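User: Please take me through the reasoning behind the labels used for this model, setting each value against its cut-off.

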Amino acid sequence: LMGPQGTGVLLCGRVPERTLLLIAAIGGSLGSLLGMLIAHHKTRKAKFYILVPLLLVLHAAAAGWYFLR
């Protein structure tokens with residue numbers, strides 16, 4: 001959110017990359033990947049375009065194992 005016009009003041013800070021990866025790691029990998037693809041956000045960072053799809057595969061494998069055992 002921006003402050004009053006012309007002041008150049010931000011009212012909220014940026015979300016650290018570490019937090020975004022943590023959210024993906026604890027179960028938000030599908031949403032993180034969709035956000036990357038739809039909004040083109042963090043698509044140039046190697047740790048994101050490698051780790052987020054990898055986490056999605058791991059989550060899908062764990063869910064498949066859990067529900068099909």
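**Contacts, burial and surface**

Analyst: The side chains of Ser29 and His59 are joined by a polar contact of 2.8 Å. This is a predicted model, in which local features need pLDDT of at least 70 and side-chain atom pairs count only at pLDDT 80 or more, while totals for chains, interfaces and linings use all residues. Residues are numbered from 1 along each chain as its sequence is written, and side-chain values use heavy atoms, with hydrogens and water left out.

User: Why is the link between the side chains of Ser29 and His59 called a polar contact?

Analyst: The term requires a pair of N or O atoms within 3.5 Å; within protein, one must be able to donate a hydrogen and the other to accept it, and residues adjacent in sequence count only if both atoms are side-chain atoms. The Ser29–His59 pair is joined at 2.8 Å, so the pair falls within the 3.5 Å limit.

User: Why does Ser29 count as buried or exposed?

Analyst: Buried means under 20% relative accessible area, exposed over 50%, and partly exposed in between (1.4 Å probe, protein chains only). Ser29 has 2% relative accessibility and therefore counts as buried.

User: And why is Ile38 placed in its class of accessibility?

Analyst: Ile38 has 68% relative accessibility, so Ile38 counts as exposed.

User: What makes the span of helix 2 close to the expected one?

Analyst: The expected span is 1.5 Å times one less than the number of residues. Helix 2 (residues 46–68) has 23 residues, and its reach of 33 Å from first C-alpha to last is close to the 33 Å expected.

Methods: Helix = DSSP H or I, 4+ residues; strand = E, 2+ residues; numbered from the N terminus.
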